[in-house]
Amino acid sequence: ESSRYLEDLSKALLDNPQLKIKLIGHTDNVGSDKFNLKLSIYRAQAIKDFMVAKGVRPERILAEGKGLRESLNANMTEEERAINRRVELTILYE
């Protein structure tokens, strides 16, 4: 489901060289803080790698992770934990 969105995003970046993006990975509260920080970085980096493979220059994409530090909810149910497992995107215009 996300592949189509990422394809479109990659094309938008290729069509608009003045744009950069920032990807921030997040996790739920299952596992240690150290594990979740690494996982969140991996999530953001995986999206960056996908777009670089599509031809977007890597210096136009910032990727970082926040682990479980910025939860959207209490992480009490599987549904809540699923919502917290995400990558946020910010468009940066130069």
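**Close-up views of a predicted three-stranded model**

**View 1. A bridge between strands β1 and β2.** In β2, E64 is the bridge partner of I24. The model shown here and in the views that follow is predicted. Strand β1, which covers residues 19-26, pairs with β2 in the parallel sense, and 5 bridges link the two. As a general point, the strands of a sheet pair through backbone hydrogen bonds, in either a parallel or an antiparallel manner.

**View 2. The open sheet and the helix that packs on it.** The sheet is open and consists of 3 strands in the order β2-β1-β3, with mixed pairing. Its edge strands are β2 (61-65) and β3 (86-93), each of which pairs on one side only. Neighbouring strands of this sheet are turned against each other by 20 degrees on average, with direction ignored. Helix α2, made of residues 33-53, packs on the sheet and touches β1, β2 and β3, while the direction of α2 makes about 160 degrees with that of β2.

**View 3. A nonpolar surface patch that includes a residue of strand β3.** Y5, L89 and I91 make a nonpolar patch of about 300 Å² on the surface. Of these residues, L89 has its place in strand β3. L89 counts as partly exposed because its relative accessibility is 31%, a value that lies between the limits of 20% for buried and 50% for exposed.

**View 4. A positive phi in the loop between β2 and α3.** N75 is found in the loop that runs between β2 and α3 (78-84). The phi of N75 is near 60 degrees, which is a positive value in a residue other than glycine. In general, most residues other than glycine have a negative phi. N75 has a relative accessible area of 5% and is therefore buried, given that the term applies under 20%.

**View 5. The whole chain as the setting for the close-ups.** The secondary structure of the chain comes to 3 helices and 3 strands, and these follow the pattern α-β-α-β-α-β when read along the sequence. The C-alpha trace spans about 40 × 25 × 20 Å along its principal axes. The chain has 94 residues, of which 29% count as buried, and it exposes about 5900 Å², with carbon and sulfur atoms supplying 56% of that area. Among contacts between residues at least 6 apart in sequence, 74% join residues at least 24 apart.

Terms used:
Residues are numbered from 1 along each chain as its sequence is written. This is a predicted model: local features need pLDDT of at least 70, side-chain atom pairs count only at pLDDT 80 or more; totals for chains, interfaces and linings use all residues. Side-chain values use heavy atoms; hydrogens and water are left out. Two strands pair if DSSP finds at least two bridges between them. Helices (H or I, at least four residues) and strands (E, at least two) are DSSP runs, numbered from the N terminus. Axes are lines fitted to C-alpha atoms, for helices over the stretch in contact, and angles run from 0 to 180 degrees between N-to-C directions. Contact means heavy atoms within 4.5 Å. Patches are made of residues with over 30% relative accessible area and no salt bridge: like charges are joined within 9 Å, nonpolar side chains (Val, Leu, Ile, Met, Phe, Trp, Tyr) within 5 Å. Accessible areas come from the Shrake-Rupley method with a 1.4 Å probe; for residues, only the protein chains shown count as cover. A salt bridge is a side-chain nitrogen of Lys or Arg within 4 Å of a carboxyl oxygen of Asp or Glu. Buried means under 20% relative accessible area, exposed over 50%, partly exposed in between (1.4 Å probe, protein chains only).
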